[in-house]
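Subject: Structure handover

Hello,

Here is the structure we talked about handing over. My notes on it come below the model.

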Amino acid sequence: MAKRSTTFVCQTCGATSPRWVGKCESCGEWNSFVEEVAGGSIGTSVFGQKGRPMRKGRVVPLVALSGEIEQAPRLASGIAELDRVTGGGFVRGSALLVGGDPGIGKSTLLIQAAATLAQKGARVVYISGEEAVAQVRLRAERLGLASAPVSLAAETSVEDILTTLQDGPAPDFVVIDSIQTLWSELVEAGPGTVAQVRTAAQAMVRYAKESGATVVLVGHVTKDGSIAGPRVVEHMVDAVLYFEGDGARHFRVLRSVKNRFGPTDEIGVFEMTGLGLKEVPNPSALFMGERDASAAGAAVFAGMEGTRPMLVEIQALVAPTSLGTPRRAVVGWDGNRLSMILAVLEAHCGVRFGQHDVYLAVAGGLRIQEPAADLAVAAALVSSLAGVPLGHDCVYFGEVSLSGAVRPVAHAASRLKEAEKLGFVRAVAPKAGAGESAGAAIKRAQVAQLVDLVTRIAAGGVPERERRAAHG
Ligand code: TYD
Ligand code: MG
């Protein structure tokens, strides 16, 4: 039988199939298969073509683990919020992927980082595959960075880019904006396809390792939040940062989701202004919403983002439904987690939501992943259902288990300190853990069961029984 020259590749996960199929077996995506020339897919790349006899390899020198490290390992940008997310600066010889929706500010962030690095004496190359030189210049001028010694080119050919980078003095920092626009002659597929993105990323990652330069690849994100193109790009690079935010608002969050050289739970907060991205060193105020203490359904969550405490307002709207199946909608939190809290409230606290639509939102468009938000979510839900405002001076945190118990969470002391700093005087939280210092001056009401919280809210404040218990 004649050998097939084309293969079908899932544009979401990179799975291959000899035939076109409607649904990808491996990732479940519909309509994601695209025909690609077999030479450019799995197992082949700039490193060699399938089917060719393997050349005899050369001996690679093996070295000791200890030894001289030639360059300073990190390249700090001087933009504190960015350095926090990378773990103290860009690591030399590493490749990063910066993902985000179109228009969120990836190019702005990177031109600012590039310019600051260049002003500090690093050799910086910015390759724009999306915008013309004039457009990038215009932006730099607007940002007041036009005088920074950044070397700029508008180019999309992988071969030309690599040759350019290898010509002349080696750069310290290279930005490729974006990986989806690059194409290599070795692959017979259009730019943006899995094969092209993979080959281009592989070539750029290899360049970073060989040259010692930091290479930042910009990537677009699809609707469901994954970086368009193969997931393998995420595996190839040393760090993956997501730049996210709510289009209508001006702040942006840079989040590390993978980092071989640093923490993955840190976030950097920026504000998009007319003069580019400005750092927000104290973001709590930003995520508190325009607080109306007399309104029911809002609870302030004392959260943590990495090592940084952050207060966030959680808003709930519980309203009688006109539908057979009530609606549950959630923005900024996990929908399954909401269902769980609703179920625990029904099963253990006798609070019924069966005839109500439930809407939950995290103020400011932040996305919360911590289970410690459970208690604040429950408080907002009960407050909205009962029509009882929670007061303006109280924060909530704690994890809720399926049994209805409120579990302790980490970093209670930092959470309380941040709340105190922002003028809160009370906290509703789980019992303090063993080694936990009770130093904070904030009044801590301890709840062991979710039902205690419900009783508390229903009573419109601190129930007498609990007050006695807390003082006894
Ligand atoms: P951009 O960096 O081009 O986004 P991306 O590269 O992620 O697609 O950002 C574009 C948006 O940012 C655009 O809507 C305009 C806005 N913006 C400002 O508000 N102020 C500025 O100083 C700049 C440069 C952009
Ligand atoms: Mg851009």
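The notes cover the conventions, two helices, the nonpolar core, one loop residue and the cavities.

This is a predicted model, in which local features need pLDDT of at least 70 and side-chain atom pairs count only at pLDDT 80 or more, while totals for chains, interfaces and linings use all residues. Residues are numbered from 1 along each chain as its sequence is written, chains are lettered from A and ligands numbered from 1 in the order in which they are written, and side-chain values use heavy atoms, with hydrogens and water left out.

Helices and strands are DSSP runs (H or I, at least four residues, for helices; E, at least two, for strands), numbered from the N terminus. Helix α5 covers residues 194-211. At 1.5 Å a residue its 18 residues should span 26 Å, and its end C-alpha atoms are 25 Å apart, which agrees; the expected span is 1.5 Å times one less than the number of residues. Of the 18 residues in α5, 13 are buried (under 20% relative accessible area; exposed is over 50% and partly exposed is in between, with a 1.4 Å probe and protein chains only). G212 follows α5 and has a positive phi, near 85 degrees.

The largest nonpolar core (buried Ala, Val, Leu, Ile, Met, Phe, Trp, Tyr and Cys residues joined through side-chain atoms within 4.5 Å) has 65 residues, of which L345 and L381 touch the most other members. Helix α8 (residues 374-386) gives the largest share, eight residues. Domain 2 (75-281) and domain 3 (286-467) both contribute, so the core lies between them; the domain bounds come from an automatic or database domain assignment.

In α8, 11 of the 13 residues are buried, so the helix is largely enclosed by the rest of the structure. Among these buried residues are D374, L381 and S384. For α8 the expected span is 18 Å and the end C-alpha atoms are 18 Å apart, which agrees. G387 comes after α8, with a positive phi near 70 degrees.

R352 sits in the loop between α7 (335-349) and β18 (356-362). R352 is exposed, at 54% relative accessible area. R352 and L385 are 33 residues apart in sequence, and their C-alpha atoms are 9.1 Å apart in space.

Last, the cavities. On a 1 Å grid over the protein atoms alone, a cavity is a set of points where a 1.4 Å probe fits but cannot get out, and lining residues have an atom within 4 Å of a point. Grid points are joined across faces, edges and corners, and a volume is the space filled by probe spheres set on the points. The whole structure has three cavities of 30 Å³ or more, and the largest has a volume of about 50 Å³. Residues lining the largest cavity include R74, F90 and N259.

Regards

Note on methods:
1 Å grid on protein atoms, 1.4 Å probe; cavity = no way out; pocket = protein on both sides within 12 Å on 5 of 7 lines; lining within 4 Å.
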